[in-house]
Amino acid sequence: MTERTLAVVSAGLGQPSSTRLLADRLAAAATAALPAEVVAIELRDHAHDLASNLVTGFAPAALRRTIDAVTGADGLIAVTPIFNASYSGLFKTFFDVLDKEALEGKPVLIGATGGTARHSLALEHAVRPLFSYLRARTVPTAVYAATEDWADSGDLVGRVEQAAGELAAAVEARPPAVREDPYADPATSFEDLLTA
Amino acid sequence: MQFGIFTVGDVTTDPTNGRTPSEAERIKAMVAIALKAEEVGLDVFATGEHHNPPFVPSSPTTMLGYIAARTERLILSTSTTLITTNDPVKIAEDYAMLQHLADGRVDLMMGRGNTGPVYPWFGKDIRDGIPLAIENYHLLRRLWREDVVDWEGKYRTPLQSFTSTPRPLDGVPPFVWHGSIRSPQIAEQAAYYGDGFFANNIFWPKEHFIQLIDLYRRRFEHYGHGQADQAYVGLGGQVFMRRNSQDAVNEFRPYFDNAPVYGHGPSLEEFTEETPLTVGSPQQVIDRTLSFRDSFGDYQRQLFLMDHAGLPLKTVLEQLDILGEEVVPVLRKEFEALRPAHVPATAPTHAQLVKEATR
C-alpha cells in the first residue's frame, strides 16, 4: 500500500508559534495512529504570494507547489489563531485561493489557538462551516488550545489524541487521493455537447 | 508568423502625472495606434469588446471599419468578440459587412467576456456561458456558410428561411480564433472546427497554457484537421522597451505598480519571472518571444499588448516604432528559419481561404 500524505497547514504568525506547536502535536498524534508523510506548511511564508494571488488570479510558483501539496494530500490538518472571533485573515485567504472543489471529500482536522478558552467555540461557529462549505469531511473533534492548556497538558493531550485518531480513521477509510487532469481528453464528444 | 497588437481599450489614469484621457481621446488613440501598427509593418490589429467602464470599445466593427478605410494591409481582428451575449445573427452580418469594406482583411476571435454582469446586460445567464458559446457559434457558422438557414435552438428565437446579409465576401467566411485563458471546453471547440486557438497567456504562468494548448493540438488532430503541430495557435505578449534595459524598467515601473489588472500585487520582477511580461531592451524581447516556441511549439500569431495601464499615446507609438523596426523583423526571420515546412506559417488569410474554396 502506498504511503499516505498528510498536509499540515498552520496560520500562526509568531516564530515560534503556538499555532504551529498545536499543528505539530496533531500531526505527530495522527501519524502515530496511521503512518503518513507529513508536509508542514506555514502560511506566513506565503503571505506575500497570497496577496499577489488575490490581485492577479494566479498563484506564484512557490504557492502553487504548496496548494498542490494540500489539494493532493490524503488528509489535512488546518490550524489557525483565533482573531476577532474567527479564523485569521491569512488562514481564510489560503482557502479562498483554492479551487472550490479542491477539498471535496478530504478528511480534515481543524484546530485553533487563542489567549483564553473563551474563544474556543469559534472553531465550531467559524472554522467548521468554512470546511463544510468546501465539502470537506471535517472530523467531529476540533482541538482548541488556549495559553493555559500548554501548562495543563493532560487534558489537551487527550483531545489531540481523540481528534488525531478520528482523522487517521477517516484517511484510512478512503482510497488514496487521485488528482484529476482537467486537460485530459474530454469524456463527452463535442457532437454530444452540440446536441445537448 | 503574423505579428500584431491587441488592445483592451481601457481608460486609465497615467500614474506618473494623474492625467486621465477622455473617452474621445482614448478612442482616437486606439485608431492612431492601429494606423501606426500598419506603418511599422505589423500584420494585425485586434480590439477588445467591452461594455463596462473604464473600457471604451463597445462597438468593434464601427472602429475596425474606420481603420479599414485608412489602412491597406493590416488584418483587422478582435480580442475578443462576445459569442455568448451578442446575437450570432448580428455577428454574422457585422463581420461580413466589415469583410466587404476591408477587402477581406478580417478575422475574429471568439470569447466570453471579462465580467459576469455582461450576461444580464444582454438578457443572458452567466450559468449558460459555455452552452451559449457552443450553440451561438454553431449557428454563426451556418449563417456564414448557408444562404438560407432554418434553425431552432435553446437561446434565441428560431429562424425560418433566414438569409444573413451581406453574404461573406467571395462566399468565404472570416477565419475564426477562439480565445480562452482557462476553459478546456473552448480548446475542444476550436479543435472540433479546425479553427484557431488563442491562449491569452499574458497574465498567468506558462505551465497552465502548455497544458491547454497541448489539449487543443491533440484534439485538432483527433478531429482530422491535420497533425497536432499543424493546428493554429496564437499567443499574447506584453512588452516595454528602451535601448537600455534599466531605463525601460524605471519608466515602466509606475505603470506596472498601478496597473488595474495586477498592480499592488506582485513586484515587476516577480511578474516578469512568472508571465510573458518583458521589460527591457529590444534584444531581451526578441529572446523572450523566441522562447515561447520552446514551450508551445511553432505557432502562427503573436499579439502584443502595448497600450494599457495609462501609458500615454506618445510612449505607445514609440514602443510600436521599436517593435516594428527592431524586434519583429528579427522574430520573423528567426521563427521562419525554425519552422518545419509542413507547419503553416500563418492562419489562413482571406486570399488563402478563397483559393482553397475554389480548388
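User: How many residues does helix 1 of chain A have, and what makes its reach close to the expected one?

Analyst: In this predicted model, helix 1 (residues 18–33) of chain A has 16 residues. The expected span is 1.5 Å times one less than the number of residues. That gives 22 Å, and the helix reaches 23 Å from its first C-alpha to its last.

User: Which residues of helix 1 of chain A are called buried, and what cut-off makes a residue buried?

Analyst: A residue is buried if 20 or more other C-beta atoms lie within 10 Å of its own. In helix 1 of chain A the buried residues include Arg20(A) and Arg25(A), along with Leu22(A), Leu26(A) and Ala30(A).

User: Why is helix 2 of chain A called oblique to helix 4 of chain A?

Analyst: The axes of helix 2 (residues 47–56) and helix 4 (residues 89–96) of chain A cross at roughly 50 degrees and come within 10 Å. Angles under 35 degrees count as roughly parallel and 65 to 115 as roughly perpendicular. The crossing angle therefore makes helix 2 of chain A oblique to helix 4 of chain A. Their crossing is left-handed.

User: What makes up the contact of helix 2 with helix 4 of chain A?

Analyst: Helix 2 of chain A gives Ala47(A), Leu50(A) and Leu54(A), and helix 4 of chain A gives Leu90(A), Thr93(A) and Phe94(A). These divide into 5 nonpolar, 1 polar and no charged.

User: How many residues of chain B are in contact with chain A, and which element gives the largest share?

Analyst: In chain B, 21 residues are in contact with 14 residues of chain A. Helix 7 of chain B gives the largest share of that side, 6 residues. The side of chain B that touches chain A divides into 10 nonpolar, 5 polar and 6 charged residues.

Note on methods: Residues are numbered from 1 along each chain as its sequence is written. Chains are lettered from A and ligands numbered from 1 in the order in which they are written. This is a predicted model: local features need pLDDT of at least 70, side-chain atom pairs count only at pLDDT 80 or more; totals for chains, interfaces and linings use all residues. Two residues are in contact if their C-beta atoms, placed from the backbone, lie within 7 Å. Helices (H or I, at least four residues) and strands (E, at least two) are DSSP runs, numbered from the N terminus. Ala, Val, Leu, Ile, Met, Phe, Trp, Tyr, Cys and Pro count as nonpolar, Asp, Glu, Lys and Arg as charged, and the others, Gly among them, as polar. Axes are lines fitted to C-alpha atoms, for helices over the stretch in contact, and angles run from 0 to 180 degrees between N-to-C directions. Angles under 35 degrees count as roughly parallel, over 145 as roughly antiparallel, 65 to 115 as roughly perpendicular and the rest as oblique. A crossing is left-handed if the near helix is turned anticlockwise from the far one by less than a right angle, and right-handed if clockwise. A residue is buried if 20 or more other C-beta atoms lie within 10 Å of its own, exposed if 12 or fewer, and partly exposed in between; C-beta atoms are placed from the backbone.
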